[in-house]
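The exercises below are meant to be worked with the sequence and the model side by side. Try each task before reading the solution that follows it.

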Amino acid sequence: MTQQISSLSDYKDAYKRSIEDPELFWATQAETFHWHKPWDKVLTWNFETPEIKWFEGGKLNITYNCLDRHIADRGDDTAIIWEPNDPFGGVKSYTYNELLESVCKVANALKANGIKKGDRVVFYMPMVPELAIGVLACARIGAVHSVVFAGFSAQALADRINDAEAKMVICSDFNSRGSKSIPVKQVVDDALAKGCPSIEHVLMDRNTGGEVPWSESIDLHWDEQVDPQDGFCAPEIMDSEDMLFILYTSGSTGKPKGVVHTCGGYMVYTCYSFKNVFQYQPGDIYWCTADIGWITGHSYIVYGPLLAGATTVMFEGVPTYPDAGRFWQVCEKLGVNQFYTAPTAIRALMARGDEWPAKYDLSALKVIGSVGEPINEEAWHWYDKHIGKNQVPIIDTWWQTETGGIMLTPLPGITDAKPTYCSYPMPGIQPVLVNADGELIEENDAEGLLCIKFPWPAIIRTTYGDHERCRQTYFSTFKGMYFTGDGARRDSDGRIRVIGRVDDVINVSGHRMGTAEVENAIDEHPNVIESAVVGYPHDIKGQGIYAYVITDGKAGENFEKEVLAVVTKEIGPIAKPDKIQIVSGLPKTRSGKIMRRILRKVASGETENLGDISTLLNPEIVDEVMKGAK
């Protein structure tokens with residue numbers, strides 16, 4: 001199995017080997033998997049074009065490595081435990097034998113409905129086992145899955161379907177979330193009504209059994225399609241660099257980017273990082289609370305744990321339903337050993353009071369982790385004291401949709417941890433800080449822009465259908481480097497703290513949102529002439545959304561509610577502005593560029609030093625914006 005680091009000297013040795021001879025290091029990790037045919041070349045790369053290939057010529061199927069490979073030794077071990085939204089509902093679990101059979105049946109159903117290698121399939125589903133099974137079924141037959149978080153609007157879903165030119169959507173009827181029942185199938189129908197010509201079928205899982213509109217020509221029932229199928233489907237043999245999935249992420253322009261990950265390198269890196277970052281041991285119960293609609297769910301609910309032969313928990317619910325003890329009740333009930341969640345959730349539960357975690361036995365916990373955004377010091381200490389009882393190591397992990405797996409993190413029980421610092425690079429990861437001119441910052445106790453100077457196996461390969469956008473976004477800013485888009489600080493001992501985005505992207509509750517995307521949605525309101533959106537510090541979400549809006553003067557008294565409704569319709573409720581300020585103008589340079597730096601400072605309440613505003617076309621507008629700030 002994949003090599004596991006077990007001491008500080010182990011880590012230092014692995015890191016040294018991974019930098020001195022990266023190809024040998026990663027080949028050694030890759031050899032632990034089943035390859036139908038070994039690779040011809042470990043790595044070909046240049047960051048100019050960019051072109052990156054790992055394990056070139058190697059043939060494999062990732063689901064064979066997630067499932068079939070484990071059957072002989074641990075076929076009866078639990079692969080997935082599903083914890084439903086309703087705390088009194090039935091927990092479902094799947095052994096590796098059962099999961100393999102379920103995946104094969106769905107794979108055969110997909111093939112029976114015309115899905116073949118290379119076809120794109122979009123998922124729009126809640127956190128039910130069928131989502132994980134469906135994703136693996138796509139990978140089984142070489143179809144490319146693209147999971148869209150089931151909180152996005154019909155328009156956002158249609159945009160992603162059309163960009164991927166998907167042949168099928170797989171959804172549920174409704175999504176149970178807290179006390180709500182959300183009409184998932186209706187959103188899919190609304191998306192298709194906007195024009196999605198590539199879609200041939202919608203495969204719907206009866207999740208709640210509620211009544212839904214039905215089209216005999218396009219809609220298919222999951223049970224009717226899957227139940228009659230054979231329980232074995234031969235895995236499609238894939239090239240290491242064949243596409244595995246597309247995952248859409250917001251950029252600084254309005255159009256979402258389809259980040260492409262491929263089979264071989266992603267497999268090797270997610271398994272290696274999972275086993276080492278979480279120090280997973282056979283028999284442990286591991287729980288990541290993310291949604292599979294995000295990269296965290298792909299890498300650390302589905303692929304990483306299953307590649308490692310682990311037991312992974314899938315949770316349908318929310319942290320505060322039916323009360324603020326829900327997470328800790330599940331940890332006690334299942335005997336969770338590794339727990340991985342977002343700072344947003346930690347802050348929200350912290351605000352509900354210390355008495356909730358105190359009610360539950362959390363003594364099984366061995367590792368507690370944080371993901372999605374930088375964790376603030378107060379939340380870190382609360383997590384340490386009330387969840388870890390000052391005895392469980394905290395891993396503050398930094399990584400991105402584009403990196404495929406965790407890049408910077410403490411290793412629990414092995415390296416030290418410092419609040420707000422994600423600390424050290426994983427073996428094989430070569431982070432650097434540069435200044436605005438791209439010059440390396442060698443000294444410690446310094447701040448700069450975070451780049452990676454050498455490829456790792458799970459690095460983004462392209463943005464779907466637009467390779468030039470991939471080059472421009474990640475590889476053109478600094479020659480010969482992958483630019484993360486984040487600023488970072490390195491302390492005197494070399495630990496790294498990621499400070500946050502330096503582009504027009506806001507991190508709301510761990511979800512990256514392009515300001516242009518939100519502005520485009522606000523601008524759809526008939527009374528809006530122009531808008532500018534910035535992030536500001538938010539106690540729970542990390543960053544909130546602050547919108548400055550110019551109207552035509554005819555907006556009614558319900559204008560703010562109407563704007564929120566438009567944004568919900570265009571993107572989804574996660575993108576709703578927290579504050580809306582109506583202004584008569586926006587601070588602009590003489591070339592017409594909005595000075596967001598000023599708007600960010602006003603939104604954050606930092607108006608003492610706005611810097612030089614004399615170059616503005618309309619410096620007088622700054623006073624108005626400051627006086628009307630919320």
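**Exercise 1. Two cis peptide bonds**

In which loop is Pro 322 found? Describe also the peptide bond that precedes this proline, and then do the like for Pro 50.

Solution. The model is a predicted one, and the angles quoted here are computed from it. Step one is to place the residue: Pro 322 is located in the loop that runs between strand E17 (311–315) and H11. Step two is to inspect the bond to the preceding residue, where Tyr 321 and Pro 322 turn out to be joined by a cis peptide bond with omega about 0°. Step three turns to Thr 49 and Pro 50, which are likewise joined by a cis peptide bond, with omega about -15°, and Pro 50 belongs to the loop between strand E1 (41–46) and strand E2 (51–56).

**Exercise 2. The helix H11**

How many of the residues of helix H11 are buried, and which are they?

Solution. Helix H11 covers residues 326–334, and 7 of its 9 residues are buried, so that the helix is mostly covered. The buried residues are Arg 326, Phe 327, Trp 328, Gln 329, Val 330, Cys 331 and Leu 334. As a last step, follow the chain beyond the end of the helix: Gly 335, just after H11, takes a positive phi of about 65°.

**Exercise 3. Positive phi outside glycine**

Are Phe 55 and Lys 389 buried or partly exposed, and what is phi in each of them?

Solution. Begin with Phe 55, which is found in strand E2 and has a phi near 55°, a positive value in a residue other than glycine. Its relative accessible area is 0%, and Phe 55 is therefore buried, the cut-off being under 20%. Lys 389 also has a positive phi, of about 55°, although it is not a glycine, and it lies in the loop between helix H14 (377–387) and strand E20 (394–396). With a relative accessible area of 38%, Lys 389 is partly exposed.

**Exercise 4. The packing of H3**

At what angles does helix H3 meet H10 and H5, and which residues make each contact?

Solution. Take H10 to begin with: the axes of H3 (residues 62–74) and H10 (residues 295–307) come within 8 Å and cross at roughly 55°, and the two helices are therefore oblique to each other. H3 passes H10 in a left-handed crossing. On the H3 side the contact is made by Ile 62, Asn 65, Cys 66, Arg 69 and His 70, and on the H10 side by Tyr 303, Leu 306 and Leu 307. Sorted by character, the residues of this contact comprise 5 nonpolar, 2 polar and 1 charged.

Now take helix H5 (residues 129–141), which packs with H3 at an angle of about 120°, the axes being 8 Å apart; here too H3 passes in a left-handed crossing. The contributors are Ile 62, Thr 63, Tyr 64, Cys 66 and Asp 68 of H3, together with Leu 136, Ala 139 and Arg 140 of H5. This contact divides into 5 nonpolar, 1 polar and 2 charged residues.

**Exercise 5. A sheet and its edge strands**

In what order do the 4 strands of the open sheet that includes E21 stand, and which strands are at the edges?

Solution. The order is E21-E22-E24-E25, with antiparallel pairing. E21 and strand E25 (496–501) each have a single partner strand and stand at the edges, so one side of each is left without a neighbour in the sheet. Neighbouring strands are turned by 45° against each other on average, direction ignored.

Next, follow the pairing strand by strand. E21 pairs with strand E22 (residues 446–452) over 4 bridges, and Val 432 stands opposite Cys 451 in E22. E22 in turn pairs with strand E24 (residues 482–490) over 6 bridges, where Ile 452 has Tyr 482 of E24 as its bridge partner. Both faces of E21 (residues 431–434) are covered, since Pro 431 and Leu 433 on one side and Val 432 and Val 434 on the other are all buried.

Finish at E25 with Val 498, a buried residue with a relative accessible area of 5%. Leaving aside neighbours within four places in sequence, Val 498 is in contact with several residues, among them Pro 374, Trp 398, Leu 450 and Gly 487.

Conventions: Residues numbered from 1 in each chain as written. Predicted model: local features only at pLDDT ≥ 70, side-chain atom pairs only at ≥ 80, totals over all residues. Heavy atoms only, no water. Axes fitted to C-alpha atoms, helices over the stretch in contact; angles between N-to-C directions. Parallel < 35°, antiparallel > 145°, perpendicular 65-115°, else oblique. Left-handed = near helix turned anticlockwise from the far one by under 90°. Contact = heavy atoms within 4.5 Å. Nonpolar A, V, L, I, M, F, W, Y, C, P; charged D, E, K, R; others polar. Buried < 20%, exposed > 50% of the residue type's maximum accessible area, 1.4 Å probe, protein only. Pairing = 2+ DSSP bridges.
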